[in-house]
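Reader: I would like a close look at one helix pair in this model, with enough of its surroundings to place it. How do the two helices meet, and what lies around them?

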Amino acid sequence: MIDLQKLYNEKHAFGFFAQQLTYPEKVNFQPSVMEESFDSSHPAYVHIKKYWELMHEYSFDDIQEMYTYTFDFQTDSTLFMTYVKYQDAKDRGQMLAKLKVLYEMFGLNMPAGELSDFLPLMCEFIYACEWVGDPRAEQSFSMLLAVMEDGTYHLLKALEKYNSPYFHLIKGMRETFKSCALQEATTNG
C-alpha cells in the first residue's frame, strides 16, 4: 500500500525524475536543479548525487548521445514501463488503456502519440496531479506505482549491465518509491 501523503511530499523529486528522463536539455543540468529537489536527508540522495556527479563528467553532446543510445536503441532499457513484460501483447494494450483512463480521471489529457506507460510522463503526472482528498487516489496511485516499480526493476537491471549513470537515477527513484510505502504496524504478540 502507498502512503499518499508521503507520495505527495515527493512531488518535487518526481518532477526531477521527469526532467532527467526526457531528452536532455542544458537547463536540466544546472546545479540548482538537483539542489531544489533533494537534500542530504532524502532516502534517494546518495544515488541521485552519484548520478549527478557522473553525468557532469560528460559533455552535453555526449549526454544527449548516451540518452539516445540507452533509451532509444536498447529494447531492454526502454522507458516504456510495460514493454519488457508484455512487449506488444494484448495485456500491454489493456494496461496502457487503464493508465490513460487514470490520467484523464485526474485531469491530464494525454499528449497525442504518447503512450501512457512512458516513464517521464508517469513521473510528470505524479508531479503535476492534485489527488489529496480524492477517494479514487489510493487504488489509482497503487496501480500506477506498481507499474512503475515493475518496469523500473527491469530497467535498473539493464542499466546496470550497460554501466550507465542512469542506473543511479533509477535506483534513487526506486528508493523514493520505498519511502512512500505504508509502514505496517508491528504487533508484539
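Author: What follows begins with the chain as a whole and then turns to the packing of α2 against α10.

The model is a predicted one, and its protein chain has 10 helices and zero strands, so that, read along the sequence, the pattern is α-α-α-α-α-α-α-α-α-α. For 189 residues a compact globule would have a radius of gyration near 16 Å, and the 17 Å of the protein chain agrees with that. The C-alpha atoms fill a box of roughly 50 × 40 × 35 Å along the principal axes, and 47% of the 189 residues count as buried. Among contacts between residues at least 6 apart in sequence, 68% join residues at least 24 apart.

The pair in question consists of helix α2, residues 11–21, and helix α10, residues 166–179. Two packed helices are described by the angle between their axes and the distance between the axes. Here the axes come within 11 Å and cross at roughly 155 degrees; because angles over 145 degrees count as roughly antiparallel, α2 is roughly antiparallel to α10. The crossing in which α2 passes α10 is left-handed. On the side of α2, the contact is made by F14, F16, F17, Q20 and L21, while α10 brings Y166, L169, I170, G172, M173, T176 and F177 to it. Sorted by class, this contact of α2 with α10 holds nine nonpolar and three polar residues, and no charged ones.

Both of these helices also have a neighbour in helix α4, residues 45–55, in which Y45, I48, Y51, W52, L54 and M55 are buried. The buried residues of α4 pack against α2 and α10, and also against α3 (31–35) and α5 (60–72). An α-helix has 3.6 residues a turn, so residues three or four places apart point the same way. Among the buried residues of α4, this spacing can be followed from I48 to Y51 and W52, and from Y51 to L54 and M55.

On the other side of the sequence, the approach to α10 has a backbone detail of its own. The loop between α9 (137–161) and α10 contains N163, a residue that is not a glycine and yet has a positive phi of about 50 degrees. N163 is exposed, with a relative accessible area of 69%, whereas the residues of α4 named above, W52 among them, are buried.

Definitions and conventions. Residues are numbered from 1 along each chain as its sequence is written. This is a predicted model: local features need pLDDT of at least 70, side-chain atom pairs count only at pLDDT 80 or more; totals for chains, interfaces and linings use all residues. Side-chain values use heavy atoms; hydrogens and water are left out. Axes are lines fitted to C-alpha atoms, for helices over the stretch in contact, and angles run from 0 to 180 degrees between N-to-C directions. Helices (H or I, at least four residues) and strands (E, at least two) are DSSP runs, numbered from the N terminus. Angles under 35 degrees count as roughly parallel, over 145 as roughly antiparallel, 65 to 115 as roughly perpendicular and the rest as oblique. A crossing is left-handed if the near helix is turned anticlockwise from the far one by less than a right angle, and right-handed if clockwise. Contact means heavy atoms within 4.5 Å. Ala, Val, Leu, Ile, Met, Phe, Trp, Tyr, Cys and Pro count as nonpolar, Asp, Glu, Lys and Arg as charged, and the others, Gly among them, as polar. The radius of gyration is taken over C-alpha atoms; the globule rule is 2.2 Å times the number of residues to the power 0.38. Buried means under 20% relative accessible area, exposed over 50%, partly exposed in between (1.4 Å probe, protein chains only).
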